[in-house]
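This report goes through the packing and the charged contacts of a single model. The structure is shown first, and the discussion follows.

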Amino acid sequence: MPADRRLLFLARLVAESIAATTEFGLDDIDDLRLAVDEGVSALVVRADDDAILDCTFRCRDRLTVSLWTSSSAMPPPGPDEVGWHVLRALTDSLAAWTEPAQDARAWRICLEFTKEPRTGGP
């Protein structure tokens, strides 16, 4: 999808729909929705004009969300940002990195996190 903050609801809706069809409880789904909000927002502000934001959702015993976009100047999100700490609190694992993009003038910024359903309570 285009890296546009106005389309954030699409990524959030997909994550919420996937989690709702698995063993995730309401609190887990809320955490996941907030994590997707934070992750997408962190990449959209870094994205080049007219960039695409790719979102991949993989679900087995946990939900893995992978996000990436192109940026010519911005580093990936990291521990010096409040949003990073929000993501750490909401997810079970979190990683961010850059890699060369197909366009030699840009970088591909990647963000990936996982969320496991809680057990032993509501």
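D50 is a suitable place to begin: this residue lies in the loop between α2 and β1 (54-59). The model is a predicted one, and in it D50 has a positive phi of about 65° although D50 is not a glycine. Most residues other than glycine have a negative phi. With a relative accessibility of 80%, D50 counts as exposed, because the cut-off for that class is over 50%.

**The nonpolar core**

The largest nonpolar core comprises 27 residues, and those with the most contacts inside this core are V36, V40, V65 and F113. At least two residues of the core are supplied by each of α1 (8-20), α2, β2 (63-71), α3 and β4, while the largest share, seven residues, comes from α2. For V65, the residues touched, leaving aside those up to four places away in sequence, are L32, V36, T56, F57, L111, E112 and F113. Two of these, V36 and F113, are also named with V65 among the core residues with the most contacts.

**Helix α3 and its two sides**

Which residues of helix α3 (residues 82-90) are buried? They are G83, W84, L87 and L90. These four cover an arc of only 130° around the axis, and therefore they lie on the same side of α3. On the other side of the helix, V82 and A89 are exposed. The cover over the buried residues of α3 includes α2 (26-44), β3 (93-100) and β4 (107-115). Both α2 and β4 thus appear in the cover of this helix, and each of them, like α3 itself, supplies at least two residues of the largest nonpolar core.

**Salt bridges**

The count of salt bridges in the model comes to eleven. Three of them are set out below, with the distance between nitrogen and oxygen atoms.

| Salt bridge | N to O distance |
|---|---|
| D4 and R6 | 2.6 Å |
| D30 and R33 | 2.9 Å |
| K115 and D31 | 3.4 Å |

In the pair D4 and R6, the two partners fall into separate accessibility classes: D4 counts as partly exposed at 21% relative accessibility, whereas R6, at 68%, counts as exposed. The pair D30 and R33 lies within helix α2, where the two residues are separated by about one helical turn because they are three residues apart. D30 is partly exposed, with a relative accessible area of 33%, and R33 is also partly exposed, at 24% relative accessibility.

The salt bridge between K115 and D31 links distant parts of the chain, since K115 belongs to strand β4 and D31 to helix α2, with their positions 84 residues apart. Are the partners of this bridge buried or exposed? K115 has a relative accessibility of 6% and D31 one of 15%, so both count as buried, the cut-off being under 20%. Salt bridges that share partners join K115 and D31 with D28 and R118 into one network.

Taken together, α2 and β4 recur through this account: both help to cover the buried residues of α3, both contribute to the largest nonpolar core, and the salt bridge of K115 with D31 connects the two elements.

How values were computed: Residues are numbered from 1 along each chain as its sequence is written. This is a predicted model: local features need pLDDT of at least 70, side-chain atom pairs count only at pLDDT 80 or more; totals for chains, interfaces and linings use all residues. Side-chain values use heavy atoms; hydrogens and water are left out. Buried means under 20% relative accessible area, exposed over 50%, partly exposed in between (1.4 Å probe, protein chains only). The arc is that of the directions from the helix axis to the C-beta atoms. Contact means heavy atoms within 4.5 Å. A salt bridge is a side-chain nitrogen of Lys or Arg within 4 Å of a carboxyl oxygen of Asp or Glu. A nonpolar core is a set of buried Ala, Val, Leu, Ile, Met, Phe, Trp, Tyr and Cys residues joined through side-chain atoms within 4.5 Å.
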